[in-house]
Amino acid sequence: MQTEHLPLTPGPINGERRLTLYRFGTPGARPQVYIQGGLHADEAPGIAVGFALRDQLRQLEAEGRLRGEVLLVPVANPIGLDQGMIGGSFGRFEVTSGQNFNRAFPDAAALALAIDNAAPEGDPVAALRARMAAALDRLVPLTPLLALQRCLLRLAIEADIVLDMHCDSEAVTHLYCHSEQADRATRLGRAIGAGAVLHAPLQGGYSFDEACTLPWMRFRDRWSNASLPIGCFAVTLEWRGVLDTDPAIAEHDAAAVIAWLADEGVIHGAAGRPREGGVASTPLAGVEVVTAPASGLFHAAVVPGEPVAAGATLGHLRRLPDGDIIPLRAGIGGLVYAREQARIVRAGAELFFVAGTRPIREGLLLSA
């Protein structure tokens with residue numbers, strides 16, 4: 001295991017922020033994997049699984065079982081870790097700009113094409129990876145947030161596989177991916193015991209996984225090259241809810257990821273223990289988001305992982321200040337894969353997420 005400390009410039013006025021990167025395997029070997037946790041800095045489960053992966057990968061490397069190269073950043077957001085508001089953490093949005101840390105990443109394809117828009121020669125995937133990497137190296141970040149985004153994307157842009165680990169409020173494990181990669185994501189979902197794999201050709205917001213996959217669609221459109229493969233398989237992996245930080249569960253989750261990486265040819269021989277969940281992929285546009293019709297006390301009657309029928313009672317809201325009870329019902333049938341943890345909510349708060357099978361939404365499909 002090689003440990004690197006990557007400075008983030010510009011940093012704070014006093015001191016320096018940096019990322020800690022762990023490298024395993026042979027530098028430059030394929031398949032190359034990039035894994036990060038804690039991009040939303042108040043989401044602990046991805047960080048916990050990240051450190052469990054570090055320990056398991058270190059053992060596999062000592063046994064000489066790594067075929068490819070793995071880059072791992074368990075704690076991907078030192079900016080968010082520094083943020084606090086009146087005694088609480090605040091790691092989803094950057095307080096200076098209000099921007100979600102997992103939105104509006106640099107468009108590596110646009111940056112690369114602005115420098116060189118000639119069709120690639122030889123191995124197009126290798127050539128375009130190198131071109132995007134060079135463009136990101138030339139990008140001068142003017143803010144700490146852009147410095148963080150550039151550093152993370154630069155680590156991932158040349159990888160074959162990218163796993164960006166998050167969590168929800170209260171949820172079963174689930175994945176987000178590009179629609180063209182839904183079958184592969186479903187295999188990953190089964191290995192880790194996911195309850196849902198949600199896919200879309202465009203999620204909206206240019207999150208980290210999209211920043212790794214969508215450049216390949218831009219290149220394909222630029223040269224009308226339908227045969228150009230997507231050079232990176234990238235997913236957002238949501239490890240249950242924000243309180244699910246049991247070390248034993250994190251170890252099991254890491255082992256399931258290791259088992260999947262072995263199937264992907266990153267590790268020699270069988271490794272880890274897959275969970276073998278019965279997940280099926282569904283369109284992200286088919287998700288119903290049930291919101292609070294008023295401010296009040298929130299009571300949930302169903303748990304994440306529970307299937308519901310259209311019209312089923314999901315819970316109720318006791319409106320404040322008058323105390324009237326408002327039932328909350330599912331508009332579609334599907335799987336409740338996530339719900340809100342807070343019990344006092346504002347009007348418009350997203351309370352339940354139900355994965356259906358038919359598209360019912362369009363436009364921006366990700367929450368704030």
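**Strand pairing and helix α7**

Strands β1 (residues 2-8) and β2 (residues 17-25) pair in the antiparallel sense, with seven bridges between them. The model is predicted. Across this pair, Q2 faces R23 in β2 as its opposite residue. Strand β2 is also joined to strand β4 (residues 69-73). Here the strands run antiparallel, and four bridges link them. Within this pairing, Y22 stands opposite L72 in β4.

A separate paragraph is due to the open sheet of four strands, ordered β17-β16-β14-β19. Its pairing is antiparallel. The edges are formed by β17 (325-329) and β19 (344-345), each of which pairs on one side only. Strand β14 (residues 296-300) and strand β16 (residues 313-319) run antiparallel and are joined by five bridges. One partnership involves G296, whose bridge partner in β16 is R319. In a regular strand, side chains alternate between the two faces of the sheet.

Helix α7 covers residues 208-223, 16 residues in total. From first C-alpha to last, α7 reaches 24 Å, close to the expected 22 Å. The helix is not free of bending: a kink of about 30 degrees lies at L214. The proline P215 follows shortly after this kink. Twelve of the 16 residues of α7 are buried, so the helix is largely enclosed by the rest of the structure. Both L214 and P215 are among the buried residues. Others include F208, W216, M217 and F219. The charged-letter positions D209, E210 and R220 are buried too. Just after α7, S224 takes a positive phi of about 50 degrees.

Notes. Residues numbered from 1 in each chain as written. Predicted model: local features only at pLDDT ≥ 70, side-chain atom pairs only at ≥ 80, totals over all residues. Heavy atoms only, no water. Helix = DSSP H or I, 4+ residues; strand = E, 2+ residues; numbered from the N terminus. Expected span 1.5 Å × (residues − 1). Bend = angle between axes of the 7 residues up to and from the residue. Buried < 20%, exposed > 50% of the residue type's maximum accessible area, 1.4 Å probe, protein only. Pairing = 2+ DSSP bridges.
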